[in-house]
Amino acid sequence: MAAPGKLSTCRLPPLPTIREIIKLFRLQATKQLSQNFLLDLRLTDKIVRKAGNLANAYVYEVGPGPGGITRSILNADVAELLVVEKDTRFIPGLQMLSEAAPGKLRIVHGDVLTFKVEKAFSESLKRPWEDDPPNVHIIGNLPFSVSTPLIIKWLENISCRDGPFVYGRTQMTLTFQKEVAERLAANTGSKQRSRLSVMAQYLCNVRHIFTIPGRAFVPKPEVDVGVVHFTPLIQPKIEQPFKLVEKVVQNVFQFRRKYCHRGLGMLFPEAQRLENTGRLLELADIDPTLRPRQLSISHFRSLCEVYRRMCDEDPQLFAYNFREELRQRKIKKKEKQDDAKSYRL
């Protein structure tokens, strides 16, 4: 078994470079899919090293593309690598890698947003949540277009301990636009503090481990790329249903430059908004003049606990959506205007 943090000396046989693979199969990054290829194997090796000791591990790679990170993972002497690729143009190049590493690489043509990874690996790999993380890892250079919805989906999976987390506290090492990576890891009070910061950090230990300059990718994106490592926490810092936490956090940050009471007010119908917002803040012991980025995880825990009690008192409250109330108000206003116009005619 390789020493922690080092790649195995068992390496793939000589193969065409990633750049040659791109030419051989006439591959082009598709702008609509926000694809950017990472060609420098020193950087793909670094991503894999930062994922931890992968010797004899089971790895799920999302969005392998032409196979740069895929090679580095295989060179780490994993037990098995499962790749899920939506774009059929990349399959022949991945099959070439599969032939070079017999029995190691499993290729699935599918969409990472719908693929059932919980059925992909052996039941024997499952570990109790309280134990160390299982020997299962998720690694990926995510297309920018899916990175945020995918990490939110996986965070909900962590909350429910399903999906890739049926095996236990599966670790993830993923790429994001640098700005998104900074938001995921941002501390309380930081300018980058956002909805993503709270949603990720109440469930995981989040580390922005290094940044890759945009010039390392082909085509060069307009932004640099951050590599982020996630380790699910044994005990979430907010013990409430994911959808409830998400609703509270989303409402707070939709007015990120205003005082926090502005966004919290949108949790309540207009008729009771002022009264209920004041009650929520008082019971949660939150200063209403704090900005959203000044709220810590413990602040959000208090807000979620009080909001949960208020929802228990009024079962219709959680379903309330201020945008729908606003839409209905606009419809009624237009109907009145149309009626007035008809009356004049």
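Visitor: Among contacts in the protein chain between residues at least 6 apart in sequence, what share join residues at least 24 apart?
Guide: The share is 71% of those contacts, with residues at least 6 apart in sequence as the basis of the count. The model is a predicted one. Its protein chain comprises 12 helices and nine strands, and 49% of its 345 residues are buried.

Visitor: Why is helix H5 called oblique to helix H8?
Guide: The axes of H5 (residues 144-160) and H8 (residues 242-253) form an angle of about 135° and lie 10 Å apart. Angles over 145 degrees would count as roughly antiparallel, and 65 to 115 as roughly perpendicular. The angle of about 135° belongs to neither range, and H5 is therefore oblique to H8.

Visitor: Which residues make the contact of H5 and H8?
Guide: H5 contributes Ile152, Leu155, Glu156 and Ser159, while H8 contributes Phe242, Lys243 and Glu246. By class, this contact of H5 with H8 holds three nonpolar, one polar and three charged residues. Glu156, Lys243 and Glu246 are also linked in a network of salt bridges.

Visitor: What makes H10 oblique to H11?
Guide: Helix H10 (residues 273-284) and helix H11 (residues 297-313) cross at roughly 130°, and their axes come within 8 Å. The perpendicular range ends at 115 degrees and the antiparallel range begins over 145. The crossing at roughly 130° falls between these limits, and H10 is therefore oblique to H11. The crossing of H10 and H11 is right-handed.

Visitor: Which residues of H10 and H11 meet?
Guide: From H10 come Asn276, Arg279, Leu280, Leu283 and Ala284; from H11 come Ser302, Leu303, Val306, Tyr307, Arg309, Met310 and Glu313. The contact of H10 with H11 comprises seven nonpolar, two polar and three charged residues.

Visitor: How do you know that Glu123 and Lys126 meet in a salt bridge?
Guide: The N to O distance between their side chains is 3.2 Å. A salt bridge requires such atoms to be within 4 Å, so the pair of Glu123 and Lys126, at 3.2 Å, qualifies. By this rule the count comes to 14 salt bridges.

Visitor: Is Glu123 classed as buried or exposed, and on what value?
Guide: Glu123 has a relative accessible area of 57%. Exposed means over 50%, so Glu123 is exposed. Its partner Lys126, at 31%, lies between the limits of 20% and 50% and therefore counts as partly exposed.

Visitor: What makes the meeting of Lys178 and Glu182 a salt bridge?
Guide: Their N to O distance is 3.9 Å, which satisfies the limit of 4 Å. Lys178 and Glu182 both lie in helix H6 (residues 178-185), four residues apart, about one turn of the helix. Lys178, at 30% relative accessibility, is partly exposed, and so is Glu182, at 27%.

Visitor: How far apart are the closest N and O atoms of Glu325 and Arg273?
Guide: They are 3.4 Å apart, and Glu325 forms a salt bridge with Arg273. This pair links distant parts of the chain: Glu325 is in helix H12 (residues 322-344) and Arg273 is in helix H10, 52 residues apart.

Visitor: Why is Arg273 called buried?
Guide: Its relative accessible area is 17%. Buried means under 20%, so Arg273 is buried. Glu325, at 23%, is above that limit but not over 50%, and therefore counts as partly exposed.

Visitor: What relative accessible area makes Val180 buried?
Guide: The value is 10%, and the limit for buried is under 20%; Val180 is therefore buried. Val180 is placed in helix H6. Leaving aside residues up to four places away in sequence, Val180 touches Thr148 and Leu196. The C-alpha atoms of Val180 and Gln192, 12 residues apart along the chain, are separated by 8.7 Å.

Visitor: What is the phi of Asn56, which is not a glycine?
Guide: Phi of Asn56 is positive, about 65°. Most residues other than glycine have a negative phi. Asn56 is in the loop between helix H2 (41-50) and strand E2 (58-62). At 38% relative accessibility, Asn56 is partly exposed.

Visitor: Where is Arg161 placed?
Guide: Arg161 is in the loop between H5 and strand E6 (171-177). Its phi is near 55°, a positive value in a residue other than glycine. Arg161 has 37% relative accessibility; that value lies between 20% and 50%, so Arg161 counts as partly exposed.

Methods
Residues numbered from 1 in each chain as written. Predicted model: local features only at pLDDT ≥ 70, side-chain atom pairs only at ≥ 80, totals over all residues. Heavy atoms only, no water. Axes fitted to C-alpha atoms, helices over the stretch in contact; angles between N-to-C directions. Helix = DSSP H or I, 4+ residues; strand = E, 2+ residues; numbered from the N terminus. Parallel < 35°, antiparallel > 145°, perpendicular 65-115°, else oblique. Contact = heavy atoms within 4.5 Å. Nonpolar A, V, L, I, M, F, W, Y, C, P; charged D, E, K, R; others polar. Left-handed = near helix turned anticlockwise from the far one by under 90°. Buried < 20%, exposed > 50% of the residue type's maximum accessible area, 1.4 Å probe, protein only.
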